[in-house]
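Here are a few friendly notes to read alongside the structure. Please have it open as you go through them.

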Amino acid sequence: MEKRFDAAIIGGGPAGLNAALVLGRARKSVVVIDEGRPRNRVTRETHGFLTRDGISPGEFRQIAKEQIMAYPSVEFAEDTVVAVTGGDGDFRLTTAQGRSYRSKKLLFAAGMKDEPLAINGLTEVYGKSAFVCPYCDGWELRDQTLVLIVNGAKAMHLAKTIAGWTERYTICTNGPDELTGEQREELARHNVPVFESPIARIESDEGIVRQVVLEDGSVIPCRGIFFAPRLVPGSDLPEALGCRTTEAGAVVIDDLGKTNVPGVFGAGDSASQKYQAIAAAAMGAMAGAGINSELLEEAWSSQTGES
Ligand SMILES: Cc1cc2nc3c(=O)[nH]c(=O)nc-3n(C[C@H](O)[C@H](O)[C@H](O)COP(=O)(O)OP(=O)(O)OC[C@H]3O[C@@H](n4cnc5c(N)ncnc54)[C@H](O)[C@@H]3O)c2cc1C
């Protein structure tokens, strides 16, 4: 008879790993199944995580795994979960490598994925001198000349935010500008140039951007880029199971990570729009506690035949 874990965790980033730590310490049997393609794998350093500022994403995971392995009820599998059937108390997971797992509870911590980067030359600089979050990488580009590739309301938000790190930046809307007249005037008052010609290419040296070249021939020298990525959920399995999601694709959860589907929990980027490693880890910790308390309640009730 196949082993039935107390919990299966899909995704081994900060969210899934912190949930595994909490559940391991709570003496629950757990399998963490992770295909190892986190969104931040393009970057060399993770910032803003207390006691770990500047750590590489790989080292972060390595240390986390070493610490979790102190709790023998947690197992790791490098694999992709491709299907989930069953329900609360007995979920059945199938993986790309043809393995199957059973678990009482399920935690989705599958993160988000970037849609393919459609701008010529962006892949070469992504994670090295082009970033998505000023809180994560703004400090390293402070006082530098930057290009913001962003449009519409997001452009206003990013322009105001980046002003905390540098005064020298230009907006490229990469196609027809979706700003209102009022927004354009506001940017002009703050001396922020706006270019709407599509981007022909980004030129760089060993990952460090040199200039952005537009289709109309304009050349914008710069040392860094921030852009607004298009994100999709790391896994479509929560939706397939009937989990409610927001318009942005985040699984809707309560404070303890519980979704609307009994026995199914969510944590991290796939269940919020915070997109910060420490926030994902905190959500994982809370989901771990949520799963544990549900398991404890069920065990308590079953001892006396209550339902
Ligand atoms: C370029 C960049 C730089 C960043 N820098 C910082 C920073 O400096 N500081 C910071 O706080 N945050 C940073 N972030 C954000 C941070 O990386 C995320 O907020 C954090 O990793 C989210 O953690 P998570 O556990 O929710 O998801 P992830 O870390 O993305 O992990 C999800 C995991 O689930 C796996 N997975 C998905 N589907 C399946 C499946 N079906 N089966 C098995 N496994 C699956 C994925 O492969 C992945 O390994 C950065 C993000 C990017 C893109």
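1. A definition to start with: Ala, Val, Leu, Ile, Met, Phe, Trp, Tyr, Cys and Pro count as nonpolar, Asp, Glu, Lys and Arg as charged, and the others, Gly among them, as polar. By these classes, the shell around the ligand holds 14 nonpolar, 13 polar and eight charged residues.

2. This is a predicted model, in which local features need pLDDT of at least 70, side-chain atom pairs count only at pLDDT 80 or more, and totals for chains, interfaces and linings use all residues. Residues are numbered from 1 along each chain as its sequence is written, and side-chain values use heavy atoms, with hydrogens and water left out.

3. Now look around the ligand: 35 residues surround it (a heavy atom within 4 Å). The closest are Asp34, Arg37, His47, Arg61 and Ala277.

4. Which residue has a polar backbone atom 2.7 Å from an oxygen atom of the ligand? That is Ala277, a polar contact (a pair of N or O atoms within 3.5 Å). Another ligand oxygen contact, at 3.1 Å, is with an N or O atom in the side chain of Asn40.

5. Please also look at the helices α1 (residues 14–25) and α8 (residues 277–303), which are DSSP runs of H or I with at least four residues. They pack at about 35° with their axes 7 Å apart, the axes being lines fitted to C-alpha atoms over the stretch in contact, with angles from 0 to 180 degrees between N-to-C directions.

Note on methods: Helices (H or I, at least four residues) and strands (E, at least two) are DSSP runs, numbered from the N terminus. A polar contact is a pair of N or O atoms within 3.5 Å; within protein, one must be able to donate a hydrogen and the other to accept it, and residues adjacent in sequence count only if both atoms are side-chain atoms.
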